[in-house]
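User: Could you take a close look at one part of this model for me, the place where the two chains meet? I'd like the whole picture in one go, down to individual residues where you can.

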Amino acid sequence: MDYLKELAKYVKTQKQKIFDFDFLKNADKYEVWDEIDFNRESTSKITYEVTLEDLKSYAEGALDTNPLFVDEDYAKKSVYGEIISHPNFSIVILFWCLREGIGDWIRTPGSINPGHRWEFYEPFRVGDIIRVKTKPYDRWIKRGRHYLTYQMDFIDQNDRLKQRYWCTLILPKTRADVAKIMKGEHVIEA
Amino acid sequence: MKSKLSFESVSPNDKLPEVTRYITQEDIWRFAASSLDCNVVHVNPEWCKRTKVFGETTVMHGGLTSSLIMTVLINWAYPLGGKIAKLEIKLIKPVPPNSTLIFGGLVTEKHPIGKGEDFVVIELYGKNQDEEKIAIGKAEVMLP
């Protein structure tokens with residue numbers, strides 16, 4: 001089965017049409033656990049301009065078509081006054097903005113998601129232009145597994161902090177481990 | 001549960017209405033395209049069969065589990081202007097395709113700080129068709 005062809009059936013938005021869904025392609029170049037520099041804060045060079053189709057597409061994918069996320073007439077009459085983002089919409093911004101370079105470890109094949117933490121300040125709205133500020137937050141070993149947490153701040157065009165997110169993954173420790181995963185070897189215990 | 005939600009109307013031990021979803025591989029592909037999270041553990045069944053990271057199957061995104069837990073809070077709090085302020089989720093058990101999932105929550109604390117700052121604490125859960133916990137969480141939700 002060509003999984004990329006399967007994925008292509010669900011592509012709808014302009015951003016999805018130009019996004020490269022093949023996370024294996026440059027996996028040997030992603031940042032790895034033992035090479036993270038904890039003194040390095042960074043702001044994404046790529047920004048994310050929020051569109052109506054982006055907000056609707058995420059809500060549909062998240063199986064939550066609450067009218068606040070997809071129905072413009074309903075949302076206009078609500079306390080929000082317009083369509084707003086599902087609170088987890090920040091994940092889309094993250095994968096859009098951190099596709100190469102600092103933070104691209106979020107794409108690591110075979111990585112495991114143990115859970116996350118968020119602080120929500122403002123929903124994302126159409127027209128927002130968001131950049132992601134990343135800061136290494138913690139790195140630890142537990143039961144032989146290697147955890148990495150970054151603090152991710154989502155900041156809009158007016159320098160307002162919209163959301164703070166602590167993103168954690170269990171990752172291969174070294175670049176050699178990533179190479180083993182690429183060969184199809186079992187490296188991380190679920 | 002009282003009919004009109006407000007900080008005054010909510011009490012500890014109030015249950016939030018549950019959200020149930022049946023998840024297929026198609027749902028996982030759709031979420032991958034919409035979230036841009038195309039990690040092979042979610043989208044590539046052949047790779048998963050070969051590497052056996054989660055047995056021989058793909059697994060649903062932790063991001064989708066998190067989103068569905070958020071849906072419990074959204075359905076309950078958003079219609080009257082409630083707002084999720086903080087949320088922490090721990091993912092416990094991987095979810096393969098063709099799983100039925102149930103998400104819910106319980107009010108455990110009430111914090112009367114002052115108008116516009118009052119919040120409640122909700123403990124959240126996700127479980128599968130075998131009643132196994134797949135996720136737990138804790139949220140602070142501000143209510144008018």
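**Where chain B meets chain A**

Analyst: Sure. In this predicted model, 49 residues of chain B are in contact with 51 residues of chain A. Together the two chains bury about 4400 Å², with 63% of that on carbon and sulfur atoms. Three residues stand out on the B side: B:W29, B:L36 and B:Y78 supply 16% of the area that chain B buries against chain A, more than any other three residues.

What about polar links? The rule finds zero salt bridges across the interface of chain B and chain A. There are, however, 16 residue pairs in polar contact between the chains, counting pairs with both residues at pLDDT 80 or more.

Now for which bits of chain B do the touching. The elements giving two or more residues to that side are β1 (15-23), α1 (25-35), α2 (40-43), α3 (45-51), α4 (62-77) and β2 (83-91) of chain B. The largest share, ten residues, comes from α4(B). Sorted by class, the side of chain B that touches chain A has 24 nonpolar, 13 polar and twelve charged residues.

One of those elements, β2(B), also pairs with a strand from the other chain: β3 (residues 115-120) of chain A runs antiparallel to β2(B), and five bridges join them. To find your way around that pairing, look for A:E119, which stands opposite B:K86 in β2(B).

Then there's B:Y78 again, this time for its ring. The structure has 17 aromatic pairs over all chains, and one of them is A:Y80 with B:Y78: the ring centres are 5.8 Å apart and the planes sit at 40°, so the pair counts as tilted. A:Y80 lies in the loop between α5 (72-77) and α6 (90-97) of chain A, while B:Y78 lies in the loop between α4 and β2 of chain B, so this pair joins two chains.

For context, here's some strand pairing inside chain A. Strand β4 (residues 129-142) of chain A is joined to β1 (residues 42-43) of chain A by two bridges, antiparallel, with A:S42 opposite A:T134. β2 (residues 48-49) of chain A also pairs with β4(A) over two bridges in the antiparallel sense, and there A:E49 stands opposite A:I129. β4(A) pairs with β5 (residues 145-155) of chain A over eleven bridges, antiparallel too, and A:I141 faces A:H146 across that pairing. β4(A) and β5(A) form a hairpin with two residues between them, and A:R143 in the turn has a positive phi of about 50°.

Conventions. Residues numbered from 1 in each chain as written. Chains lettered and ligands numbered in written order. Predicted model: local features only at pLDDT ≥ 70, side-chain atom pairs only at ≥ 80, totals over all residues. Heavy atoms only, no water. Contact = heavy atoms within 4.5 Å. Buried area = accessible area lost by both parts, 1.4 Å probe. Salt bridge = Lys/Arg side-chain N within 4 Å of Asp/Glu carboxyl O. Polar contact = N/O pair within 3.5 Å; in protein donor to acceptor, adjacent residues only side chain to side chain. Helix = DSSP H or I, 4+ residues; strand = E, 2+ residues; numbered from the N terminus. Nonpolar A, V, L, I, M, F, W, Y, C, P; charged D, E, K, R; others polar. Pairing = 2+ DSSP bridges. Phe/Tyr/Trp six-rings, centres within 6.5 Å; stacked < 30°, edge-to-face > 60°.
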